[in-house]
Amino acid sequence: MLDNAVLLTVLSIVFRITAILGYVLSMTYYMHMFQLNSYKASVQMKWLRENFIGGYLVRVVPAVISLAASFFGAIGLIIAILANISFFIRNLPVKAKKPLVFTARVKRMIATFLILSVLIIVPVSYFTGMLFIYSAILLLPCFIILVANFLNKPIEKAVGNHYINEAKAKINALPNLIVIGITGSYGKTSTKFYLQKLLSSKYNVLMTPESYNTTMGVVKTVREQLDATYDIFICEMGAKNVGEIKEICDIVKPKYGIITSIGPAHLESFKSMENIVKTKFELCDALPDDGIIFLNGDNEYIAKHTPSRKAVYYGTENKELEKVFGDNISVSDKGTSFTAHTEADSYDYDTKILGKHSVVNILGCIAMARFLGCDAKQLVLPVKRLETAPHRLQLRPGNEVTIIDDAFNSNPSGSRAALDVLGAFSGVKIMITPGMVELGDMEDKYNCEFGEYAAQKCDYVLLVGERITKSIAKGLENKNYPKDRYFTFAKVTEAIAFANGLEAGKKKYVLLENDLPDNY
């Protein structure tokens, strides 16, 4: 038998180890959420409030158990150790949709975090001698990360300015480079992909990869990929706050721009539609006097706004306004065909891309390509070869089930366009969705309208999660949608499995509309 003092020492060591492991696990979790929340303290605090139970209160339980148990000798320590181990196992990281990326910034924050942790934990545990401090620290990481971020601000600003200046210098050293900015509430990534393919028939083109559309994402692309071999740089510009498009424009200095759309995306951070319109038109305002902005004339917010630079409108609804106009649109499960009219000619195009809204985006690219010297015939093959950007109405054909993957994100306009695409197919039409987010006080309204529109297009609606989808269910009920045609699931995998089992033997089309990030 172990001596009681030895046993207590061993258990104390094990207790400390399990508590520290839980602490590191908590740090990793909160760092991941902070990265998903764009390293913004205000957004992180809001997230903490909204996820108090799952994100924070779950850490109080082992801390309280350990606090109580640590006063009751060996048995108490064993209970505390088991509480720590249970916490550790239940909170092991699962496969994330967007995993934590250990960037240089994250590494610097972790270093500051660890220094702060030592400065807090060692003195307290030394002077108090209370073992429960090792479990109580499970409650601290979310706050220490915010302090670490605050302390690192001067460093991050200096590092950011250094990289920004490097990017500016590279742009300035390429006087013949044509820079095209693309922004919009939705459609900008797809438009970027389309434009790169069309212009590549004549030019050597670099575009910002994937969804690299933040200031530092653009800076990274310029510093690491841009060189004198490129004729054109297509720069996607995203924003969640006023001034962020201008910030990117100040770095890359676009001569031409495309505004794909304006709508209530990121309304939660923008606060108003006026701010969204103002921010998107920062691209237009940043162009030189001889610059040209290409505008989606079908969009009501764009059509109503007077641009500060020469504008070329494109679209399918306003022939008098739009210099590049599309009609004769035909959509099927094979793709889309349409006619593009310019002041010089008219030409028929076929594409594998789905949907009328996609035609509008392609027309914007045709307008830009024609302006930069590509003739209509030269664009036929590139348009035919266009590929859908990943997870943006991406078709995945199957024998019985065809997936329409629109899971990248969702917004009021994009969700209606996706439902229109689903409605064009002949077969059992099923939608799987967790609903739309980042819409502020209008979230319930837009999700309810989403449900009402889905009722007109879908044979089945499979909802993922309850909190956001309650408004979609309300919209379905408003349209008297049959209760045996919509269901709610905890996970998207469960919904997909259920969809696969519906109406065996019939051809099914399953629309995956949105996939919430890990911080929801």
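## Two open sheets and a pocket

The chain's secondary structure comes to 20 helices and 15 strands. Please keep in mind that this is a predicted model. Of the chain's 520 residues, 50% count as buried. Among contacts with a separation of 6 or more, 70% are between residues 24 or more positions apart.

**The sheet of 9 strands**

Let us begin with an open sheet of 9 strands, whose order is E2-E3-E1-E4-E5-E6-E7-E8-E9 and whose pairing is mixed. Its edge strands are E2 (205-207) and E9 (346-351), each of which pairs on one side only. On average, and with direction ignored, neighbouring strands of this sheet are turned by 20 degrees against each other.

Within this sheet, E6 and E7 (residues 324-332) run parallel and are joined by 2 bridges. For Gly-315, the bridge partner in E7 is Phe-325.

Two helices can be placed against these strands. Helix H8 (residues 188-199) lies across E1 (178-183), E2, E3 (232-236) and E4 (256-259), and runs at about 170 degrees to E3. Helix H9 (residues 215-225) lies across E2 and E3, with an angle of about 155 degrees to E3.

**The second largest pocket**

Strand E6 also brings us to a pocket. The second largest pocket has a volume of about 290 Å³. Its lining consists of Phe-294, Lys-310, Ala-311, Val-312, Lys-323, Val-324, Thr-342, Glu-343, Ala-344, Ala-367, Arg-370 and Phe-371. Which elements give two or more residues to the lining of this pocket? They are strand E6 (310-315) and helix H15 (356-371). Sorted by class, the lining of the second largest pocket has 7 nonpolar, 1 polar and 4 charged residues.

**The sheet of 6 strands**

Another open sheet has 6 strands in the order E10-E11-E15-E12-E13-E14, again with mixed pairing. Here the edge strands, each pairing on one side only, are E10 (394-396) and E14 (486-489). Neighbouring strands of this sheet are turned against each other by 20 degrees on average, direction ignored. Helix H18 (residues 443-457) lies across E12 (428-433), E13 (460-464) and E15 (508-513), running at about 160 degrees to E12.

Strand E11 is a good place to look closely. E10 and E11 form a hairpin with 4 residues between them, and the two strands pair in the antiparallel sense over 3 bridges. Towards E15, E11 pairs in the parallel sense over 6 bridges. Individual residue pairs across these strands are set out below.

| Residue | Stands opposite or is bridged to |
|---|---|
| Leu-395 | Ile-404 in E11 |
| Gln-394 | Asp-405 in E11 |
| Asp-405 | Leu-512 in E15 |

Asp-405 therefore appears twice: Gln-394 stands opposite Asp-405, and Asp-405 stands opposite Leu-512.Is E11 enclosed or open to the outside? Since 6 of the 6 residues of E11 are buried, this strand is largely enclosed by the rest of the structure. In a regular strand, side chains alternate between the two faces of the sheet. In E11, both faces are covered: Val-401, Ile-403 and Asp-405 are buried on one side, and Thr-402, Ile-404 and Asp-406 are buried on the other.

**Single residues worth a visit**

Two residues have a positive phi although neither is a glycine. Ser-38, with a phi of about 60 degrees, is found in the loop between helix H1 (4-36) and helix H2 (41-50). Ser-38 is partly exposed, as its relative accessible area is 35%. Asn-480, with a phi of about 55 degrees, is found in the loop between helix H19 (469-478) and E14. With a relative accessible area of 67%, Asn-480 is exposed.

Helix H1 also holds Tyr-30. Why does Tyr-30 count as buried? Tyr-30 counts as buried because its relative accessibility is 0%, and the cut-off for buried is under 20%. In sequence, Tyr-30 and Pro-141 are 111 residues apart, yet in space they are 7.1 Å apart, C-alpha to C-alpha.

Notes: Residues are numbered from 1 along each chain as its sequence is written. This is a predicted model: local features need pLDDT of at least 70, side-chain atom pairs count only at pLDDT 80 or more; totals for chains, interfaces and linings use all residues. Side-chain values use heavy atoms; hydrogens and water are left out. On a 1 Å grid over the protein atoms alone, a cavity is a set of points where a 1.4 Å probe fits but cannot get out, and a pocket is an open set with protein on both sides within 12 Å along at least five of seven lines; lining residues have an atom within 4 Å of a point. Grid points are joined across faces, edges and corners, and a volume is the space filled by probe spheres set on the points. Ala, Val, Leu, Ile, Met, Phe, Trp, Tyr, Cys and Pro count as nonpolar, Asp, Glu, Lys and Arg as charged, and the others, Gly among them, as polar. Two strands pair if DSSP finds at least two bridges between them. Axes are lines fitted to C-alpha atoms, for helices over the stretch in contact, and angles run from 0 to 180 degrees between N-to-C directions. Contact means heavy atoms within 4.5 Å. Buried means under 20% relative accessible area, exposed over 50%, partly exposed in between (1.4 Å probe, protein chains only).
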